[in-house]
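This report describes a single protein chain for a reader who is new to structural analysis. Please keep the sequence and the model in view while reading.

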Amino acid sequence: MSSAEISHVLKHSKNYSFPGVSIKYVSSAGPKVGFAISRSWGPAVKRNRFKRIVRVLFFSFFKNPPFFFLLVVPKKETQLSSLGLELKTVFKQMIKQSSKT
């Protein structure tokens with residue numbers, strides 16, 4: 001995601017927060033996933049693994065991914081083992097919210 005897209009998400013997004021992750025999203029012209037992960041969260045290997053897991057979960061959860069800009073921010077206590085369940089819950093809520101509007 002470009003910095004302009006991230007700024008747009010931060011200004012106009014809906015937010016979901018779980019014990020391990022915070023997700024901001026807004027409708028868009030196509031599906032995109034961005035990340036805001038500080039170096040203090042862990043070494044590059046851990047940060048990159050987190051990004052790979054989230055991308056795979058997002059694009060495998062949907063047959064046709066919804067058109068969202070999705071900004072994912074992990075929290076210090078994020079457990080990668082429970083991340084899948086949390087994200088599936090968020091994705092279902094995102095779909096419900098977008099179908100209401």
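## Aromatic rings

Lys-46 is placed over the face of Trp-41, 4.5 Å from the ring centre; a charge sits over a ring if NZ of Lys or CZ of Arg is within 6 Å of the ring centre and within 35 degrees of the ring normal. The model is predicted: local features need pLDDT of at least 70, side-chain atom pairs count only at pLDDT 80 or more, and totals for chains, interfaces and linings use all residues. Residues are numbered from 1 along each chain as its sequence is written, and side-chain values use heavy atoms, with hydrogens and water left out.

Trp-41 also belongs to a cluster, in which ring pairs link it with Phe-35 and Phe-50. Rings of Phe, Tyr and Trp (its six-membered ring) pair if their centres lie within 6.5 Å; planes under 30 degrees apart count as stacked, over 60 as edge-to-face and the rest as tilted. The structure contains 4 aromatic pairs. In one of them, the planes of Phe-35 and Phe-50 meet at 75 degrees with the ring centres 6.2 Å apart, so this pair is edge-to-face. Phe-35 belongs to strand E3 and Phe-50 to helix H2, 15 residues apart, and the pair thus links distant parts of the chain. Phe-35 and Phe-50 are both buried, a term that means under 20% relative accessible area, with exposed over 50% and partly exposed in between (1.4 Å probe, protein chains only). Another edge-to-face pair is formed by Phe-58 and Phe-59, at 5.0 Å centre to centre and 80 degrees between the planes.

## Accessibility of selected residues

| Residue | Relative accessible area | Class |
|---|---|---|
| Phe-58 | 0% | buried |
| Phe-59 | 38% | partly exposed |
| Glu-5 | 17% | buried |
| Lys-32 | 35% | partly exposed |
| Ala-36 | 35% | partly exposed |

## The salt bridge

The structure has 1 salt bridge, defined as a side-chain nitrogen of Lys or Arg within 4 Å of a carboxyl oxygen of Asp or Glu. Its partners are Lys-32 and Glu-5, whose closest N and O atoms are 2.9 Å apart. This pair, too, links distant parts of the chain: Lys-32 is in strand E3 (residues 32-35) and Glu-5 in helix H1 (residues 3-12), 27 residues apart.

## The nonpolar core

A nonpolar core is a set of buried Ala, Val, Leu, Ile, Met, Phe, Trp, Tyr and Cys residues joined through side-chain atoms within 4.5 Å. The largest one has 23 residues, of which Phe-50, Leu-70 and Val-72 touch the most other members. Two or more residues come from each of strand E2 (21-27), E3, helix H2 (44-61), strand E4 (68-74) and helix H3 (83-100). The largest share is that of H3, with 5 residues.

Apart from neighbours within four places in sequence, Leu-70 has contacts that include Met-1, Ile-23, Phe-58 and Phe-91, where contact means heavy atoms within 4.5 Å. Ala-36 lies in the loop between E3 and H2. With the same neighbours left aside, Ala-36 is in contact with Leu-71, Val-72, Val-73 and Pro-74.

## The whole chain

The chain has 3 helices and 4 strands, which are DSSP runs (helices H or I, at least four residues; strands E, at least two) numbered from the N terminus. Their order from the N terminus is α-β-β-β-α-β-α. Of the 101 residues, 41% are buried.
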